[in-house]
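Let's take a look at how charged side chains pair up here, and at one helix and its neighbours. The model comes first, then the notes.

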Amino acid sequence: MGKWTAEVKENNTNHKMASSLGGKSPSLSHGAKKKARKQDGFVRVRKSDLEKLSTEVMQLREFLPRVLNRDLIEMLHKARAVHTMKEHLLQEQEQQQQDCVHLQARLEAVQTECQKEREGKLQSFLAVSAQTLESFVRSLDEDEKTQTEDHNSHEHQFVLALAGTITNIAAVTCGRDFLSTSAQDLLDTLMMMLELMKPGVFPKLKVLMLMALYNVSISVRGLKCLSDNPGLLPLICTLLDDGDWEVCLHSVRLLQSVLLEEELLLLLAPSLLDPRLQAAVSRLTSSVQPRLRLAAQQTLEDLQTLQQSRGGKQSGVFGPPAV
């Protein structure tokens, strides 16, 4: 309506100007007329259409805020509910984390207590095992030591089970640490029994005891514990001539552990350079058993390297292998 009214007013003004000029409208150039048409930009519309448009605009102004407010309120409610749920979940998560920390602490405490209880029982078990094994070996008379053992005897099977259990204990880190720190008497007993048993007798028992000693020697602490016994290398030298290839193999493996520790090489070099030790190893390089032959060849090379590293001080000590 505003545009229509403005157009009417403009027509009245033009009419008045024409009257004042003797009934003639003021003449305008073609360019001025074109510019005037561009600037006015009026559109003729019906009054009914304008009223209808005005009504629709008024209705939109009235109802649009209500719709928008309703949607906005719903969105706010949803956002608030989501925020509340998020806070609840965070609280639950925090509580679960606290419960986990508490349970972890209880678990560690129980594990520590169980470990202590096991070490109390393990100490007693190892003591009884050492006494049993020693009694078994010492009870053998000279005739029985030279004969093949009865593999089906209950006594023999029980002794093998004890030795196997000790070997399994030494196979894990905590077990060999315990043996090297709290059960040195047992390790000395194993070496003493290996020394007492004659070649070719009870090879399975010898193998299990050698495996236990080898497992202990894997750790530096365990190897130092074994090397504190002055009879270790003489025992190995003796067992290399046992006659049973598995006993010889595990004796060579125990010797390899000693040769791998540089600190012990300095302390045990005189014993390691004993010509009898190299001679025993040299004989095993001709074994028909591939595993034993390979291990003996590697060990012989290590002994020769040790001799060379000593600056030839022991040059000529090693003679030809004994027949």
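Asp242 and Lys206 are both buried. In this predicted model, the two form a salt bridge, with their closest N and O atoms 2.6 Å apart. Asp242 sits in the loop between α10 and α11 while Lys206 belongs to helix α8, so the pair ties together parts that are 36 residues apart in sequence.

Next door in sequence is another pairing from that loop: Asp241 forms a salt bridge with Arg283. This one also links distant parts of the chain, as Asp241 is in the loop between α10 and α11 and Arg283 is in helix α13 (residues 275-284), 42 residues apart. Buried or exposed, what about Asp241? Its relative accessible area is 41%, so Asp241 counts as partly exposed. Arg283 is partly exposed too, at 29% relative accessibility.

Then there's Asp274, whose side chain meets that of Arg276 in a salt bridge. Arg276 is exposed, with a relative accessible area of 60%. The count of salt bridges comes to 4, and the table lists three of them, including the buried pair.

| Acidic residue | Basic residue | Closest N and O atoms |
|---|---|---|
| Asp242 | Lys206 | 2.6 Å |
| Asp241 | Arg283 | 2.9 Å |
| Asp274 | Arg276 | 2.9 Å |

Now for the helix. Which residues of α9 (residues 220-227) are buried? They are Gly222, Leu223, Cys225, Leu226 and Ser227. These buried residues pack against a set of helices: α6 (173-182), α7 (184-196), α8 (203-217), α10 (232-239), α11 (245-260) and α12 (262-272).

How values were computed. Residues are numbered from 1 along each chain as its sequence is written. This is a predicted model: local features need pLDDT of at least 70, side-chain atom pairs count only at pLDDT 80 or more; totals for chains, interfaces and linings use all residues. Side-chain values use heavy atoms; hydrogens and water are left out. Buried means under 20% relative accessible area, exposed over 50%, partly exposed in between (1.4 Å probe, protein chains only). Helices (H or I, at least four residues) and strands (E, at least two) are DSSP runs, numbered from the N terminus. Contact means heavy atoms within 4.5 Å.
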